Amino acid sequence: MSALSFRGNSSGIAYTVKVSRRARHARLKMSPEEGLTVVLPVGFDPKRVSALVESKMEWIMKVQGNFDKHRAAEPAQAETALPEAIELAGVGESWRVEYRYDPLRPGIFIRELDGNVLDLSGGVDNRAWCFEALEQWLKHRAKLKLGSQLTRLAAINGFKISGVSVKKQKSRWGSCSSRGNINLNLKLIFLPPELVRYIMIHELCHTLHMDHSARYWEAVARYDPDYAVHDREMKHAWRFVPAWFSSNR
Ligand SMILES: [Zn+2]
């Protein structure tokens with residue numbers, strides 16, 4: 001898709017318009033999450049979109065009706081509950097989460113209390129705000145704890161790195177730049193410690209060899225003799241990320 005994307009509305013139906021370089025013809029897409037999307041080829045006159053949507057109204061209403069029926073049939077699964085506890089296996093921490101409604105506080109206020117209690121107060125009836133606040137807190141926690149673990153592991157084993165960053169990423173657990181900057185996926189904080197250590201060793205060894213050559217794996221084996229087992233386990237490691245974190249964000 002190109003950058004051009006806008007919202008439109010005809011006959012009370014809201015939709016998103018996207019211009020795609022790969023599209024040959026205008027087409028309509030419906031999804032339960034995003035509703036109606038109109039995909040246009042480059043050069044399609046945006047003034048014609050409204051007529052296009054009108055001409056497909058029967059199909060749109062039928063698909064929308066199916067989504068509504070489906071949603072009504074399983075209301076429980078549509079919403080992920082807010083967590084009451086958060087296990088951060090990767091850094092050996094376990095937190096209890098408390099939600100306190102306070103109409104006088106705008107937004108969400110989040111505090112770490114003694115005894116590993118995470119206290120959210122304010123508009124906690126707004127689920128989206130709560131998820132947002134928890135994610136911000138996790139980012140902060142992961143930077144602090146995973147960052148210091150990596151720095152320590154590097155120092156103990158004599159690796160030279162120039163920086164560490166922790167980000168939420170979809171498909172990569174870590175990466176290492178040619179300048180020795182290591183990036184870790186925030187979701188590592190949910191994984192068993194031996195897998196977190198393996199990913200750290202994996203990236204640290206890229207400061208020695210930027211490839212996955214035999215020499216590279218020899219280096220990894222020196223710091224993690226079980227690396228082959230760990231590498232295999234990483235293929236299924238997404239299951240350690242809790243549903244409230246992976247499905248809501
Ligand atoms: Zn690698």
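**View 1. Here is G158, just after helix α4.** G158 takes a positive phi of about 75° at this spot. Keep in mind that this is a predicted model, where local features need pLDDT of at least 70, side-chain atom pairs count only at pLDDT 80 or more, and totals for chains, interfaces and linings use all residues. Residues are numbered from 1 along each chain as its sequence is written, and side-chain values use heavy atoms, with hydrogens and water left out.

**View 2. Now for helix α4 itself, residues 127-157.** Helices here are DSSP runs of H or I with at least four residues, strands are runs of E with at least two, and both are numbered from the N terminus. How far apart are the end C-alpha atoms of α4? They are 44 Å apart, which agrees with the 45 Å that its 31 residues should span. That expected span is 1.5 Å times one less than the number of residues. At the N-terminal end, N126 caps α4, with a side-chain oxygen 3.1 Å from the backbone nitrogen of A128.

**View 3. Next up is H25, in the loop between β2 (13-20) and β3 (27-31).** Is H25 buried or exposed? H25 counts as exposed because its relative accessibility is 62%; exposed means over 50% relative accessible area, buried under 20%, and partly exposed in between (1.4 Å probe, protein chains only). Measuring C-alpha to C-alpha, H25 sits 57 Å from A155 in space, and the two are 130 residues apart in sequence.

**View 4. Meet two cysteines, C176 and C205.** Their sulfurs are 9.8 Å apart, too far for a bond. A disulfide is a pair of cysteine sulfur atoms within 2.5 Å, and by this rule the count comes to zero. C176 is buried, with a relative accessible area of 12%, and C205 is buried too, at 0%.

**View 5. Last stop: the second largest pocket, with about 290 Å³ of space.** Of its 15 lining residues, G174, I199, H202, E203 and H212 are the closest to the centre. Both β10 (174-176) and α5 (193-205) give two or more residues to the lining, and α5 has the largest share, with four. On a 1 Å grid over the protein atoms alone, a pocket is an open set of points where a 1.4 Å probe fits, with protein on both sides within 12 Å along at least five of seven lines; lining residues have an atom within 4 Å of a point. The volume is the space filled by probe spheres set on the points, which are joined across faces, edges and corners.

Key
Polar contact = N/O pair within 3.5 Å; in protein donor to acceptor, adjacent residues only side chain to side chain.
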